[in-house]
Amino acid sequence: MNKDMKFEEAIAKLDEIVRALEDGDTPLDRALELYEEGIALVRFCTDKLDSAEQRINILIKGQNGEITEKPFGDA
């Protein structure tokens with residue numbers, strides 16, 4: 001898998017893999033290869049989402065009208 005792959009590309013490839021596996025006509029060896037590739041793509045996407053989440057800040061308006069930044073996980 002290409003580490004420069006974009007999140008959207010990984011999701012599209014994962015969707016293709018799911019469809020191929022759901023089809024039921026994929027030979028066992030190929031199905032196992034697709035499954036392994038799918039697991040790698042899921043991990044890649046999870047890492048991308050975790051990274052994005054860390055970068056997100058929530059703007060919170062305080063009682064005095066002041067806007068402050070607060071880390072996403074602390075909302």
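These are my notebook entries on a predicted model of one protein chain.

**Entry 1. Overall layout**

I began with the secondary structure and found two helices and two strands in the protein chain. Read along the sequence, their order is α-α-β-β. I then looked up burial for the chain as a whole: 13% of its 75 residues count as buried. The chain exposes about 6200 Å², and carbon and sulfur atoms supply 51% of that area. For contacts, I took the pairs at least 6 apart in sequence; 45% of these join residues at least 24 apart.

**Entry 2. Helix H1**

I went to H1 next, which covers residues 7-23. H1 has 17 residues and reaches 24 Å from its first C-alpha to its last. I compared this with the span expected at 1.5 Å a residue, which is 24 Å, and noted the two as close.

Which residues of H1 are buried? I listed Ala10, Leu14 and Ile17. Seen down the axis of H1, the buried residues fall within an arc of 60°, so they line one face of the helix. On the other side of H1 I found Glu8, Arg19 and Glu22 exposed. I also checked what lies over the buried residues of H1, and the cover includes H2.

After the end of H1 I looked at the backbone. Gly24 follows the helix, and its phi is positive, near 85°.

**Entry 3. Helix H2**

H2 covers residues 28-55. I counted 28 residues in H2 and a reach of 41 Å between its first and last C-alpha atoms. The expected value at 1.5 Å a residue is 40 Å, and the reach is close to it.

The buried residues of H2 are Ala31, Leu34, Gly38, Leu41, Phe44 and Cys45. The cover over these residues includes H1. I had noted the reverse in the previous entry, with H2 among what covers the buried residues of H1.

**Entry 4. The nonpolar core**

I looked up the largest nonpolar core and found eight residues in it. They are Met5, Ala10, Leu14, Ile17, Leu34, Leu41, Phe44 and Cys45. H1 and H2 each supply at least two residues of this core. The largest share, four residues, comes from H2. For background I wrote down that nonpolar side chains tend to be buried together in soluble globular proteins.

I picked Leu34 for a separate check of contacts. What does Leu34 contact, leaving aside its neighbours within four places in sequence? I found Ile17, Ala20, Leu21 and Thr26. Of the core, Ile17 and Leu34 are both members.

**Entry 5. Salt bridges**

How many salt bridges does the structure hold? I found three, and took them in turn.

The pair Lys13 and Glu16 comes first in my notes, with side chains meeting at 3.9 Å, N to O. I noted that the cut-off for a salt bridge is 4 Å, so this pair is within it. Lys13 and Glu16 are three residues apart in H1, which puts about one helical turn between them. Lys13 counts as partly exposed because its relative accessibility is 27%, between the limits of 20% and 50%. Glu16 is also partly exposed, with a relative accessible area of 46%.

Next I took Arg19 and Asp15, whose closest N and O atoms are 2.2 Å apart. Both residues lie in H1, four residues apart, about one turn of the helix. With a relative accessible area of 53%, Arg19 is exposed. Asp15 is partly exposed, at 36% relative accessibility.

The remaining pair is Glu33 and Arg30, with a separation of 3.2 Å, N to O. Glu33 and Arg30 are three residues apart in H2 and are separated by about one helical turn. I put down both as partly exposed: Glu33 at 44% relative accessibility, and Arg30 at 39%.

**Entry 6. Glu69**

Last, I looked up a residue in a strand. Glu69 is placed in strand E2, residues 67-71. Is Glu69 buried or exposed? At 58% relative accessibility it counts as exposed, because the limit is over 50%. I also took a distance from Glu69 to Ile56: the two are 13 residues apart in sequence, and their C-alpha atoms are 9.8 Å apart in space.

Terms used: Residues are numbered from 1 along each chain as its sequence is written. This is a predicted model: local features need pLDDT of at least 70, side-chain atom pairs count only at pLDDT 80 or more; totals for chains, interfaces and linings use all residues. Side-chain values use heavy atoms; hydrogens and water are left out. Buried means under 20% relative accessible area, exposed over 50%, partly exposed in between (1.4 Å probe, protein chains only). Contact means heavy atoms within 4.5 Å. Accessible areas come from the Shrake-Rupley method with a 1.4 Å probe; for residues, only the protein chains shown count as cover. The expected span of a helix is 1.5 Å times one less than its number of residues. The arc is that of the directions from the helix axis to the C-beta atoms. A nonpolar core is a set of buried Ala, Val, Leu, Ile, Met, Phe, Trp, Tyr and Cys residues joined through side-chain atoms within 4.5 Å.
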